[in-house]
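Colleague: Got a minute to go through this one with me? I'd like to talk about how the chains meet.
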Amino acid sequence: MTAISHGADWDFALLERYDDAIAEIAGEYGLDTYPNQIEVITSEQMLDAYASSGLPIGYPHWSYGKEFIRNEQAYRRGMQGLAYEIVINSDPCIAYLMEENTMATQALVIAHASYGHNSFFKGNHLFRQWTSADAILDYLVFARRYVMQCEERHGSAAVEEVLDACHALMPHGVDRYRRPAAPTLKVEAARLAEREAHRERHFNDLWRTLPENATEPTRASAGGFPAEPQENILYFVEKYSPKLEPWERELVRIVRKLAQYFYPQAQTKVMNEGWATFWHYTIINRLQQKGLVDDGFMLEFLKNHTNVVAQPSFESQAYSGLNPYALGFALFSDLKRICENPDAEDREWFPNLAGSDWRVTLDFAMRNFKDESFIAQYMSPRLMREFHLFAVADHTSEDELLVDSIHDERGYRRVRKLLAQQHAQEIRVPDVQVVRFDRDGDRSLTLRHLRRRGRPLTEATAEVVAHLRRLWGFAVRLETWENDVRYGDVVECPA
Amino acid sequence: MLQLIDRRPNGRGKSAVNRERFLRRYKAQIQGAVKKMIGDRRLADMEQGGEVRVPRKDIAEPSFGFGRGGDREFVLPGNREYVAGDRIPRPDGSANARGAGNEGGSGDSEDAFVFSLSREEFMQIFFDDLELPNLARTSFGRTELRKSVRAGFAKSGVPANLAVVRTLKQSLARRLALGGGLKREMQELDAAFALAVATGSAGEAATIREELARLERRLGVLPFIDEPDLRYRNRVLRPEPIARAAMFCLMDVSASMDEEKKDLAKRFFTLLYLFLTRKYTEVELVFIRHTDDAEEVDEKRFFHDIRSGGTVVLSALELADKIRAERYASGWNVYAAQASDGDAFGADPARSARFLRERLLPATRYYTYLELAAPSMQERASTLWAEYERVADATTNFAMRRASEREQIYPVFRGLFRKETQ
C-alpha cells in the first residue's frame with residue numbers, strides 16, 4: 001500500500017480518506033462509536049468554543065466573556081497554545097478541528113476525538129446513565145432561547161442575578177444517584193394494599209395493652225423536612241424554593257441540567273483522555289504498519305504524542321498536577337501489557353487479568369469504571385515505579401510535610417489508594433447538603449457542611465450562601481459539622 | 001457515515017456579546033483602571049487602547065471550596081530521593097497550592113486579571129466617565145478648504161465628463177415616449193387594413209397602406225441620440241473642515257506652581273488633547289512654559305522639569321503668537337489652553353489680557369484658561385483672573401475656570417466646552 005498523503009497540507013478529500021482508513025482500523029479493533037461529524041474551524045472560533053466549555057451553543061452570560069478574554073489573552077501572549085480539537089458528547093459526535101493543524105495532526109485528532117472519545121462517550125456507564133447524547137444539542141438551543149426570552153421579558157440584570165447564583169452552586173447541582181421515578185397511581189395503590197395486608201396479618205390485640213411512651217417525639221424527628229439530607233442543592237431550590245418565579249425555576253433547572261451533563265466528564269478525565277490517547281496511538285501505529293502513512297507523518301505524530309503524554313516531575317517549573325493524558329495513557333497501555341506479556345509481579349497482583357484478551361479487558365475497563373475506581377482497580381506497581389509516585393501527608397498538627405509512602409513494596413497499596421481518592425469527587429467538592437427547610441416557621445433553609453478531617457471551606461463561602469439566599473428568598477444558614485460535633489460559626493444570610 | 005462541515009465561513013465573534021457583558025458588569029473596576037492608566041501615560045499615547053488590570057478577587061465566581069488547613073494526603077509524580085517517613089519543610093504560601101494534584105492546575109496565584117481594551121473601548125470608557133458623549137460629535141468651527149464632490153448629472157459639461165450610460169438611458173426614454181403613439185396608431189391601422197382586405201374594399205386598403213408607410217417613415221426619423229439626451233457628470237465644491245489642529249499648551253512654571261498643580265494641569269491638557277484627536281485627524285502639540293520669560297520645550301520637560309522665577313504671562317502669549325504666525329498661519333485650527341495659578345504682578349495682567357484679546361484670540365478657534373488655586377485660596381480670585389474675566393465677557397471663543405482638586409478637572413473641562421455643545 002502507498003501512503004495516503006505526503007507533506008503537511010490537508011484538504012477535505014484527504015480528511016475523508018484518512019477517516020475511511022481510521023474507521024476501518026477502528027472496526028478491526030471493535031470500537032463502537034456514534035456517527036461522526038467533523039467541523040473545521042479557525043483559531044478564533046476555537047477561542048469562542050473554549051469560552052463556552054466547548055459547547056457549540058450557550059446562553060449569554062458575562063462569565064463566558066471573562067473566560068473568553070482570559071483564553072484570548074493567554075493565547076495572544078503565547079502563554080497557552082490551543083487544543084488541536086474539541087469534541088462534544090453528542091449523537092452524532094461533533095469534533096472540531098483547527099484549520100491550522102497539519103495533515104498528520106488532523107489524522108491524529110480524528111483518531112483521538114472521533115474514535116477514541118467518541119467510543120468512550122458511547123460506552124462508559126457514567127455517560128450512558130447521566131447524559132443523553134442525542135438530546136443535548138436540542139436542549140442547548142432551547143436553553144439559549146429561553147434565557148434570551150427571559151432577558152427580554154424580565155431584563156438582563158434580573159436574569160444575570162439568577163444565573164450568577166446558580167453558577168455559584170453548580171457543583172452542588174448534580175445527582176450522584178439516580179432519583180427513583182415517581183410511582184404511578186397503580187403501583188402506589190398496590191403498595192398501600194400490600195402494607196395494609198401486612199398489618200392485618202401481623203395483628204395482635206395484645207400490643208394495645210402496652211403503656212404509652214411518656215416522652216414526646218422531638219419536633220425534628222416528627223416533622224423535619226426534608227426527611228433525609230439533600231445533596232443536590234439546586235434541585236432542592238428548584239422544587240421547594242418558596243419565592244422563585246416560574247421562569248427563575250426554569251433557569252435553575254437549565255443550569256442544573258448543564259451541571260449534570262458535565263458531571264461524568266469531571267469524573268472520568270483520566271480515563272477519557274487516556275482512552276482517547278491510547279486509541280490514537282494504537283490506530284496511527286496500525287496505519288503505519290499498513291504502510292498508509294510516511295515517515296514524515298510518523299515523526300510529526302510522535303512529536304505531538306510525546307508532548308501530550310509528557311509528565312513533568314513535581315519539582316519542575318512545568319508541573320501543574322498529574323497530567324490526565326499521561327496517566328490515562330499509561331494505565332491503558334500498561335493494562336494491555338499485563339494482558340499480553342505479564343510478568344511474575346503482574347500475575348500476583350492481577351491474577352484474573354494476566355494473559356486475558358486485551359481487547360475484552362480494556363473494553364470492560366472503559367465501560368464500567370470512573371477515574372477513582374479505575375485507578376484503584378488497575379494501577380500496577382510497575383506504573384507507580386515508572387511515575388515515581390509518592391504520597392505526602394499534610395497535617396495541621398505537624399510543622400512539616402511527611403512523606404507518607406512511596407513506590408516500594410510497603411507503599412504500593414497505600415499510594416494507589418490515595419491516588420484513587422485524589423480523583424474522587426468528594427476531594428474536589430466539599431460535602432454541603434440541605435438538612436432542614438423550616439416550612440412551618442420562618443421558611444429558613446439550613447445547610448450542613450460535613451467537614452472531613454478538619455478541612456475548612458474558603459472565604460468565598462459567605463458569598464455562596466448569599467447567592468443561595470437570593471434564590472431561596474428567606475434566611476439561609478450554613479453549619480459545619482464533623483463527627484456529630486459542630487465547629488466554627490454558622491454562616492448566615494438573614495431574610 | 002462521516003459528515004465533514006467547513007465552519008470557517010461562519011465567522012467568529014460568537015463571544016463578542018459575552019465579552020461586552022463582562023465589560024459592562026465590571027465597568028466600575030475598568031473605569032478605575034483606565035483612570036489610573038491615564039495618570040501614567042504620555043499625552044500623545046493617550047488615545048491608544050491598552051491593557052487593563054482588574055483585581056482577580058473582584059471578578060471571582062464564588063463556589064464552595066476547600067480552604068487551607070486540615071489533614072490531607074496527595075500523590076505526586078517524580079520522586080527521586082524520598083522514602084517513607086521523610087520530612088519536608090512546608091513550602092510557603094502560593095507554592096503550597098501546587099502540591100495538591102488536581103487542584104494544582106487551577107491554583108493560579110496571580111492577583112490581577114489582565115486584558116486588552118481596543119482603542120474604541122478605551123475612549124468609550126474614558127468619555128463615559130467624562131459624561132461628554134455629545135461633545136465630540138458637535139460641529140465645531142468654520143472652514144476654509146473646499147473639496148470637489150459628486151453631485152448628480154448636468155445637461156451641460158465638457159466631453160470628458162460625459163456620462164454614457166446615463167445618456168443612453170435618456171435616449172431610450174425619449175425614443176419610447178415619442179415612438180409609442182406612432183406604434184399604437186400603426187397597430188390600429190394594421191387591424192383596419194386586414195379588415196379592408198377581408199371585406200374586399202381595395203381603395204380603402206390602399207389609403208391605409210399609404211398611411212402606414214407614412215407612419216413608418218416618421219418612426220424611422222426619430223434620432224437614436226439627440227442633443228437633449230446628453231448628460232454630464234456634475235461636481236460641486238463643498239466646504240471641507242480642516243482636519244488639522246495645533247494645540248498650544250501654556251503653563252506657568254514659576255515657583256508657586258507645585259507638583260500638585262502641575263498634575264492638575266496635565267490632566268486638563270490631556271482631556272483637551274483627547275477631545276481634539278477625536279475631532280481632527282492630525283493634532284500637533286506645542287508646549288510653552290514660562291516664568292518671567294517663555295520658552296518652547298518638549299513634553300517631558302514641560303511637565304517634569306523644575307524651574308523657578310517670577311511670572312510674566314505676556315511672554316508666553318507673545319511666544320505662542322509668534323509660533324502660530326510662523327508655523328500655523330493658515331490651514332490649521334489653533335487651540336490654546338493656558339494653566340496658571342494666576343500670580344501675576346504689576347502691569348502684566350492687564351497687558352496680557354489686552355494682547356490676548358487683540359492678537360491671540362482672533363487667530364485661535366478656542367482659548368481656555370484654567371486657574372489652579374490651592375484649595376484654601378479658592379475664594380480669592382487673582383489679578384489675572386479679574387483681567388481675563390473682562391476678556392471673557394467681550395469675546396465668544398474664550399472660556400475660563402478655576403480648579404483646585406483632581407475631581408474638579410472633568411467637570412471643569414465639561415463646563416469649558418459646554419458653550420460649544422449648545
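Modeller: Sure, one term up front: a salt bridge here is a side-chain nitrogen of Lys or Arg within 4 Å of a carboxyl oxygen of Asp or Glu. This is a predicted model, where local features need pLDDT of at least 70, side-chain atom pairs count only at pLDDT 80 or more, and totals for chains, interfaces and linings use all residues. Side-chain values use heavy atoms, with hydrogens and water left out.

Colleague: OK, how many salt bridges between chain B and chain A?
Modeller: Twelve. In one of them, Arg453(A) pairs with Glu73(B) at 2.8 Å, N to O.

Colleague: And which residues of chain B lose the most area to chain A?
Modeller: The buried area (accessible area, 1.4 Å probe, that two parts lose on being put together, summed over both) is about 7,800 Å², with 54% from carbon and sulfur atoms. On the chain B side, Phe64(B), Phe66(B) and Glu73(B) lose the most, together 12% of what that side buries.

Colleague: How many residues are in contact?
Modeller: With contact meaning heavy atoms within 4.5 Å, chain B gives 64 residues and chain A gives 96.

Colleague: Switching topic: what does β3(B) pair with?
Modeller: Strand β4 of chain A, residues 390–394, in the antiparallel sense over five bridges. Strands are DSSP E runs of at least two residues, numbered from the N terminus, and two strands pair if DSSP finds at least two bridges between them.

Colleague: Which residue stands opposite Val75(B) there?
Modeller: Ala391(A) does, with Val75(B) sitting in β3(B).

Technical notes: Residues numbered from 1 in each chain as written. Chains lettered and ligands numbered in written order. Helix = DSSP H or I, 4+ residues; strand = E, 2+ residues; numbered from the N terminus.
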